[in-house]
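Please read the following briefing alongside the sequence and the three-dimensional view. The topics are the surroundings of the ligand, the sheet and the contacts between helices.

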Amino acid sequence: MKLAIDVQNLTKQYKGAGKPAVDNISFSVEEGEFFAFLGPNGAGKTTTISILTTTLGKSSGEVSVAGFDLEKDARAARAHIGIIFQKPSLDLDLSAEENIRLHACLYGMYGYRPFFSWMPKGYRERVIKLAEIMGIADKLWKPLKTFSGGMQRKIEIVRSLIHQPDVLFLDEPSQGLDPVSRRSLWDYINQTRREYGTTVFLTTHYIDEAEQVDRLCLINKGCIVFEGAPEELKELRHQGSLEDAYINLLTEGGAA
Ligand SMILES: Nc1ncnc2c1ncn2[C@@H]1O[C@H](COP(=O)(O)OP(=O)(O)OP(=O)(O)O)[C@@H](O)[C@H]1O
């Protein structure tokens, strides 16, 4: 089985911080695997996901994503990954569709055209399909500054899925979404996994979302404290639900 993500002895020490935010962690994710990276506030999840998605440099260690060593070939890796960031990074002065178009062109999927109608058919169809799934097809042409936070998040989601990535990073994807949108996002992600074998790397504070993953990794204070299937964690902590097992490990398991 090929690895979609391989992290060896990764450390991140922010300037001026006393302790490393991520302290010599190692883990790997197989191609097509559904993997969750869980941990409490400040554990090091965003730091790790930022390094894996090439938006933050590491202090030491080795990281490869989609078969590319990030030190040597970050650009190639970037073409194979999709990211739903915790903090949206959209241009509020552009329309929703213009944000998506700009992103698709920056990722090298299409040459830039100044109008939607001039873009290739494949792009147009994909934008409309994804926007329909998220329930925002009628809002694509409106300036983003008129959108609510949840609607902006949906645009962010459409944008990250536009190039059909091999590895999809979801940093708290459900945050700010209403229950209907949350359900349709997950239906779509599951469909994408089935159809294209997409590897999904998820961080979330909604522990119930991680019940379905193949494997999970639990990080606390920059160190990995558990790696295995959700069932294994439940058995280890003698709990019926993953959330109970997670809380039990963090509060009573000597991991806190
Ligand atoms: N730019 C930075 N400079 C210094 N320290 C930072 C910086 N960003 C994060 N940290 C620190 O690194 C540690 C890990 O933070 P990180 O954001 O990775 O945690 P997290 O697990 O994503 O938390 P949350 O669930 O709250 O998003 C924290 O102690 C945080 O204060």
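In this predicted model, the ligand is surrounded by Y14, A17, A21, G39, N41, G42, A43, G44, K45, T46 and T47. Sorted by class, the shell around the ligand consists of four nonpolar residues, six polar residues and one charged residue. The points below turn to the sheet, to the helix lying across it and to two pairs of helices.

**The sheet**
- Six strands form an open sheet with mixed pairing, and their order across the sheet is β6-β7-β8-β3-β9-β10.
- The edge positions are taken by β6 (81-84) and β10 (223-228), and because each of these strands has a single partner strand, one side of each is left without a neighbour in the sheet.
- From one strand to the next, the twist of the sheet averages 15°.
- The edge strand β6 pairs in the parallel sense with strand β7, which comprises residues 167-171, and this pairing extends over four bridges.
- Within the pairing of these strands, I84 has L170 in β7 as its bridge partner.

**The helix across the sheet**
- Helix α1, which comprises residues 45-52, lies across four strands, namely β3 (34-38), β7, β8 (199-203) and β9 (215-220), and runs at about 150° to β7.
- K45, where α1 begins, is also among the residues that surround the ligand, and T46 and T47, which fall within the range of α1, belong to that shell as well.

**Helices α3 and α5**
- Helix α3 (residues 96-106) and helix α5 (residues 149-161) have axes that come within 9 Å and cross at roughly 30°, and the two helices are therefore roughly parallel to each other.
- The crossing of α3 and α5 is right-handed, and the contact is made by A96, N99, I100 and H103 on the α3 side and by I155, V158 and R159 on the α5 side.
- By class, the contact of α3 with α5 comprises four nonpolar residues, two polar residues and one charged residue.

**Helices α7 and α8**
- The axes of helix α7 (residues 230-237) and helix α8 (residues 242-252) come within 9 Å and cross at roughly 55°, an angle that makes α7 oblique to α8.
- The crossing of α7 and α8 is left-handed, and P230, L233, K234 and R237 of α7 meet L242, A245, N248 and L249 of α8.
- By class, the contact of α7 with α8 comprises five nonpolar residues, one polar residue and two charged residues.

Key:
Residues are numbered from 1 along each chain as its sequence is written. This is a predicted model: local features need pLDDT of at least 70, side-chain atom pairs count only at pLDDT 80 or more; totals for chains, interfaces and linings use all residues. A residue is near a molecule or strand if its C-beta atom, placed from the backbone, lies within 6 Å of it. Ala, Val, Leu, Ile, Met, Phe, Trp, Tyr, Cys and Pro count as nonpolar, Asp, Glu, Lys and Arg as charged, and the others, Gly among them, as polar. Two strands pair if DSSP finds at least two bridges between them. Axes are lines fitted to C-alpha atoms, for helices over the stretch in contact, and angles run from 0 to 180 degrees between N-to-C directions. Two residues are in contact if their C-beta atoms, placed from the backbone, lie within 7 Å. Angles under 35 degrees count as roughly parallel, over 145 as roughly antiparallel, 65 to 115 as roughly perpendicular and the rest as oblique. A crossing is left-handed if the near helix is turned anticlockwise from the far one by less than a right angle, and right-handed if clockwise.
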